[in-house]
Amino acid sequence: MASKTSVLPVIMAGGSGTRLWPLSRAGYPKQFLVLSGNESLFQLAARRLAALASPEFELADPCIVGNEEHRFLVLDQLRETKQEPSSVLLEPLGRNTAPALTLAALAALEGGNDPVLVVTPADQTVTNGAAFTAALQDAVRIAAEGGITILGITPDRPETGYGYIRTQGDAGGLAVAQFVEKPDLATAQRYLAEGDYYWNSGMFVLRASVWVKALERFRPDILETTRAAWAVRKTDAKFVRPGKAEFALVPSESVDYAVMERCPGTDIPLRMVALDAGWNDLGAWEAVWQVADKDENGNAFVGDAIIADSQNTLVHATSRLVGVVGLKDIVVVETPDAVLVSDRSRSQEVKQIVNRLGAEQRGEHALHRKVHRPWGWYDSIDNGPRHQVKRIMVKPGASLSLQMHHHRAEHWIVVSGTAEIVNGDKTILLTENQSTYIPLGQTHRLANPGKVPLEIIEVQSGSYLGEDDIVRFEDTYGRA
């Protein structure tokens, strides 16, 4: 009996997703958002890869490549799907997809292994899961023989927002003849008519050793610097952290530019498997509208929305009723602290707003009003010059750091659950409707010893209420 092919799913989860602002923020990017249904894009990607399991393949737990800030989001969301990662590789800073894949390849080659890597971004959607699985299994079979296999999307319109792949031949997967940058409309229409062009999905399948070999040939600088960062990595349970100073020296480059576009015409086989499975990369609000369920007028909505006398419009309401009248081809996205209104065809340009927010150092660039933390979340529901009110949820068994503040005092009122509170030299238990006061400068900690979520209302008062007024003495999550 032939041995099984070892397969390692690799999910690239490090993007910032700025074009889906204000729903997507740097601290909670689009791959972790639930845009429809009840699972995030990251969770859907993990489920699709888990479906690769078959008697033919030995499927490992997924390897996740992300960044430090989102490490607990990755674990929490993966565990909600009843999966565990083989490892979570934490990039100290963004260096694009080629170094990210190199980290995954180096991890996969540990111990003399050489699995087939099935690499996918974490922020795509697919409507036909069976067709996706069948195409990916074909790609694994081809890549197991030593080449690189790309998933090319069968185009259904002259799209100008995607890169294209030109193919030739029809045996054992289509041979890739050329990569083509995003075309203008006339060129995209010609590509569609000629039929040898496919959208570049950003998904590819190859053995870990093949990626290293390709880098040695085309971009040895990326390989050498990433190896240096990998050599001084630190491991903390599932988390693997390459050396920060060493990783800062790695050139920033995409997989396509570093390797894929250089392969045609060389001795590194590059083939493509066509994917016709209702794929979308959700690169902007226009793409979200395209995949959404629509009414007879082409309108789509999420949340509490009333749409009147409007056509081909998307409304995404998060926290309140949104009513629109007389709109055509418009996107309206509402969150508790920001609202976006855009022409649908120009929704990719929202990054201009994000760039301005970043330049002005405004909080709406990075965080929502509701901020997720490893222990739960907090929602800043009111604030003024010398006060701030938060709802705080602490997961069962979790705790905040032992800390103190120089500039503020806090009042805590338990809404539901049980709170274990360190307040100076005392430890107390509070339940629903009970409260306590934390004086300015007092050492304190909030924990949930129970089996249900703890929710409290926190009222802060003082001369400075910023999140950086925290002195941590002990922290479960390794924060300074």
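## Proline 242 and its surroundings

Proline 242 is buried, at a relative accessible area of 6%. This is a predicted model. Proline 242 sits in the loop between strand S11 (239-241) and helix H8. Beyond four places in sequence, proline 242 touches Leu90, Pro92, Leu103, Ala229 and Arg233. Arginine 227 is 15 residues away along the chain, and its C-alpha atom lies 9.2 Å from that of proline 242.

Another loop follows H8. Glutamate 253 lies between helix H8 (244-247) and helix H9 (255-258). The relative accessibility of glutamate 253 is 19%, and the cut-off for buried is under 20%, so glutamate 253 counts as buried. With neighbours up to four places away left aside, its contacts are Arg95, Asn96, Thr97, Ala98, Pro99, Arg219, Ile222 and Ala258.

## Helix packing around H7

Two helices that pack are described by the angle between their axes and the distance between those axes. Helix H3 (residues 97-108) packs on helix H7 (residues 220-231) at about 55 degrees, with the axes 10 Å apart. The pair is therefore oblique, H3 to H7. The crossing of H3 past H7 is right-handed. On the H3 side, the contact uses Ala98, Pro99, Thr102, Leu103, Leu106 and Ala107. On the H7 side, it uses Ile222, Leu223, Thr226, Arg227 and Trp230.

H7 also meets helix H6 (residues 208-218). Their axes come within 6 Å and cross at roughly 120 degrees. H6 and H7 are therefore oblique as well. H6 contributes Val212, Leu215, Glu216, Arg217 and Phe218 to this contact. H7 contributes Pro220, Ile222, Leu223 and Arg227.

## Nonpolar cores

The largest nonpolar core holds 82 residues. Phe42, Leu151, Val205, Trp285 and Leu446 touch the most other members. Helix H4 (residues 129-143) supplies the largest share of this core, with 6 residues. Apart from this core lies another of 47 residues, including Val10, Phe218, Phe247 and Cys263.

What is valine 205 in contact with, leaving aside its neighbours within four places in sequence? The list includes Val116, Leu117 and Val118. Leu136, Ala139, Val140 and Ala143 are also on it. Gly147, Ile148, Thr149 and Leu151 complete the set.

## Helix H1 and the loop after it

H1 is mostly covered, with 7 of its 10 residues buried. These are Leu41, Phe42, Gln43, Ala45, Ala46, Arg48 and Leu49. The buried residues of H1 pack against both strands and helices. The strands are S1 (5-12), S2, S3 (63-67) and S5 (116-121). The helices are H2 (71-80) and H4.

Alanine 53 belongs to the loop between helix H1 (41-50) and strand S2 (57-59). Is alanine 53 buried, partly exposed or exposed? Its relative accessible area is 48%, and the exposed class begins over 50%, so alanine 53 is partly exposed. Outside its neighbours within four places in sequence, alanine 53 contacts Leu59 and Gln137. Glutamine 137 is 84 residues away in sequence, yet the C-alpha atoms of the two residues are 9.3 Å apart.

## Backbone geometry in loops

The peptide bond from tryptophan 21 to proline 22 is cis, with omega near 10 degrees. Proline 22 is in the loop between S1 and H1.

Two residues other than glycine have positive phi. Lysine 82 has phi near 65 degrees. Lysine 82 is placed in the loop between H2 and strand S4 (87-91). Its relative accessibility is 77%, so lysine 82 counts as exposed. Aspartate 309 has a phi of about 50 degrees. Aspartate 309 is in the loop between strand S14 (305-308) and strand S15 (314-317). Its relative accessibility is 61%, so aspartate 309 counts as exposed.

## Annotated domains

An unreviewed UniProt entry places "domain: MannoseP isomerase/GMP-like beta-helix" at residues 304-357. That span is 15% helix and 44% strand, and its end C-alpha atoms lie 27 Å apart.

The UniProt record, also unreviewed, lists residues 361-475 as "domain: Mannose-6-phosphate isomerase type II C-terminal". Over residues 361-475, the chain is 0% helix and 56% strand. The end C-alpha atoms of residues 361-475 are 27 Å apart.

Methods. Residues numbered from 1 in each chain as written. Predicted model: local features only at pLDDT ≥ 70, side-chain atom pairs only at ≥ 80, totals over all residues. Heavy atoms only, no water. UniProt positions renumbered as here; feature names shortened; annotations may be inferred. Helix = DSSP H or I, 4+ residues; strand = E, 2+ residues; numbered from the N terminus. Core = buried A, V, L, I, M, F, W, Y, C linked by side-chain atoms within 4.5 Å. Buried < 20%, exposed > 50% of the residue type's maximum accessible area, 1.4 Å probe, protein only. Contact = heavy atoms within 4.5 Å. Axes fitted to C-alpha atoms, helices over the stretch in contact; angles between N-to-C directions. Parallel < 35°, antiparallel > 145°, perpendicular 65-115°, else oblique. Left-handed = near helix turned anticlockwise from the far one by under 90°.
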